[in-house]
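Here are my notes for a colleague who has the sequence and the coordinates open alongside. Please read each point against the model itself.

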Amino acid sequence: MALKVGIIGNGGIANSHMHGYIELGDRVEVVACCDINFEKAKEFAARYGIKNVYDNCYDMLRENQLDMADVCTWNAAHCECSIAALEAGVNVLCEKPMAMNAEEALQMKAAADKAGKLLMLGFVRRQGDDAAHAIRLIEDGTLGDVYFAKATYLRRCGFPGGWFGDKALSGGGPLIDLGVHVIDLTRYIMGCPKPVSVYGAAFNKIGARENVPRSGWASETVLDKPVFNVEDLAVAMIRFDNGAVLEVECSFNLNLKNEKGDIEFFGSKAGFSLGEFELHTEIGHELADIKLYGDHRFDFQRDMDKEIKNFADAVEGKAPCLAPAEDGVTLMKILDAIYLSAATGKSVDID
Ligand SMILES: NC(=O)c1ccc[n+]([C@@H]2O[C@H](COP(=O)([O-])OP(=O)(O)OC[C@H]3O[C@@H](n4cnc5c(N)ncnc54)[C@H](O)[C@@H]3O)[C@@H](O)[C@H]2O)c1
């Protein structure tokens, strides 16, 4: 019997998820979809031949015997829709960020635990081949003791528009949207150390930057009253219980020349750039940069397909879920602490 899937929120990312379900063939059937923008839900259903269409998740969950619900809404609805599905006894994949804050994330995890259902997060970067190779380099001792990492996700002109600029719907700017990917990935590759404190700063100096062409992801949502009341740049230092420190920089808009997305790991034996796929070390009396063989770069759609497969595999007990709820909770605690530190100008401890 095919696993029955319902998709909640039918905008941009839902299409990338659909690609993954289609790749799984007759193992899954997307039987229902819903969006509070009913026109959007109807278009989505027509595009993919989905039989049951709704303007809210409650009717969809009541009228369909789903095995899996996929939450692709804007961030402010992640908590409500995920809990609704979990309480209906349905396994959930929820897009990143897990929620608006750690309090919501904890409620979601509690609902999953109570229902005994899976709550997986859309940390798609965990599915990448590059991540698997980086983990192996650390585990086999090639890097030595990794004591510092630098995660950069800097866009020069990359505000996605729509709800992404409205704090009430997004929870924040590039930190919660982009930083969440690279902070999670860095921590994941480093073996999930526990964060103990952060020092952060956030700025809104450029704003939406709508006078020049944008690049990158674009929301399909058009707000009646567009706002940009989130940060356009966030920077932070995160200290972990093993003594390692992560420095993170992320922006929607910034006056820099070249956009940059990379994670660099600095170890006692070698450094490693995930983006360049290159080791920085010494050989004999020489400094050496060693390009690793093969193309292991993150590929958004290929790795999104892997995420959807991992969701189905985990639901059927065939593989462990690579992005469990507890890691989403930890991430939300880190983000809350960075925003608090940015607001107060003081470092913030994390329980
Ligand atoms: N994994 C990634 O790399 C990645 C990339 C882009 C977006 N995302 C995430 O995907 C989510 C959606 O982003 P998007 O770009 O697709 O946005 P979008 O604006 O294109 O679509 C969001 C849709 O959610 C709908 N919606 C809002 N509240 C709802 C509710 N309660 N019930 C049903 N539908 C509801 C909206 O009407 C809208 O159609 C966000 O959380 C975003 O962070 C992840």
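The points below take up the domains, the ligand shell, the sheet, two aspartates and a hairpin.

1. Status and division into domains. The model is a predicted one, and the protein is divided into domain 1, residues 3–122, and domain 2, which is made up of residues 128–297 together with 332–349. The C-alpha centres of domain 1 and domain 2 lie 27 Å apart.

2. Contact between the domains. On the side of domain 1, 13 residues are in contact with 15 residues of domain 2. Sorted by class, the domain 1 side of this contact has 8 nonpolar, 4 polar and 1 charged residues.

3. Surroundings of the ligand. Which residues are closest to the ligand? They are G9, G11, G12, E220 and T221, out of 29 residues that surround the ligand. The shell divides into 12 nonpolar, 11 polar and 6 charged residues, and at least three of its residues come from each of domain 1 and domain 2.

4. The open sheet. In what order do the 6 strands of the open sheet follow one another? The order is β3-β2-β1-β4-β5-β6, with parallel pairing. Its edge strands are β3 (52–54) and β6 (119–122), each of which pairs on one side only. Neighbouring strands of this sheet are turned against each other by 25 degrees on average, with direction ignored.

5. The pair β1 and β4. Within that order β1 stands next to β4, and the two strands, residues 3–8 and residues 68–71, pair in the parallel sense over 4 bridges. One place to inspect this pairing is V5, whose bridge partner in β4 is M68. Helix α4 (residues 78–87) lies across β1, β4, β5 and β6, and runs at about 170 degrees to β5, which covers residues 91–95.

6. D70 in strand β4. Is D70, which is found in strand β4, buried or exposed? D70 counts as buried because it has 30 C-beta neighbours inside 10 Å, where 20 or more are required. Leaving aside residues up to four places away in sequence, D70 touches V5, I7, I8, H17 and L93. The C-alpha atoms of D70 and M18 are separated by 9.9 Å, although the two residues are 52 residues apart along the chain.

7. D327 in helix α10. A second aspartate, D327, lies in helix α10, which covers residues 325–344. D327 counts as partly exposed because it has 19 C-beta neighbours inside 10 Å, and 20 or more would be needed for a buried residue. Its contacts, not counting residues up to four places away in sequence, are L121, D184 and C192. In sequence D327 and L121 are 206 residues apart, while their C-alpha atoms are 8.6 Å apart in space.

8. The hairpin of β13 and β14. Strand β13 (residues 278–283) runs antiparallel to β14, and 6 bridges join the two. E278 stands opposite K291 in β14, which gives a pair of residues to look for when checking the register. The hairpin has 2 residues between the strands, and G284 takes a positive phi near 60 degrees. Strand β14 (residues 286–291) is hardly covered, since the count of buried residues among its 6 residues is 0.

Conventions: Residues numbered from 1 in each chain as written. Predicted model: local features only at pLDDT ≥ 70, side-chain atom pairs only at ≥ 80, totals over all residues. Buried ≥ 20, exposed ≤ 12 C-beta atoms within 10 Å, placed from the backbone. Pairing = 2+ DSSP bridges. Near = placed C-beta within 6 Å. Nonpolar A, V, L, I, M, F, W, Y, C, P; charged D, E, K, R; others polar. Domains from an automatic or database assignment. Axes fitted to C-alpha atoms, helices over the stretch in contact; angles between N-to-C directions. Contact = placed C-beta atoms within 7 Å.
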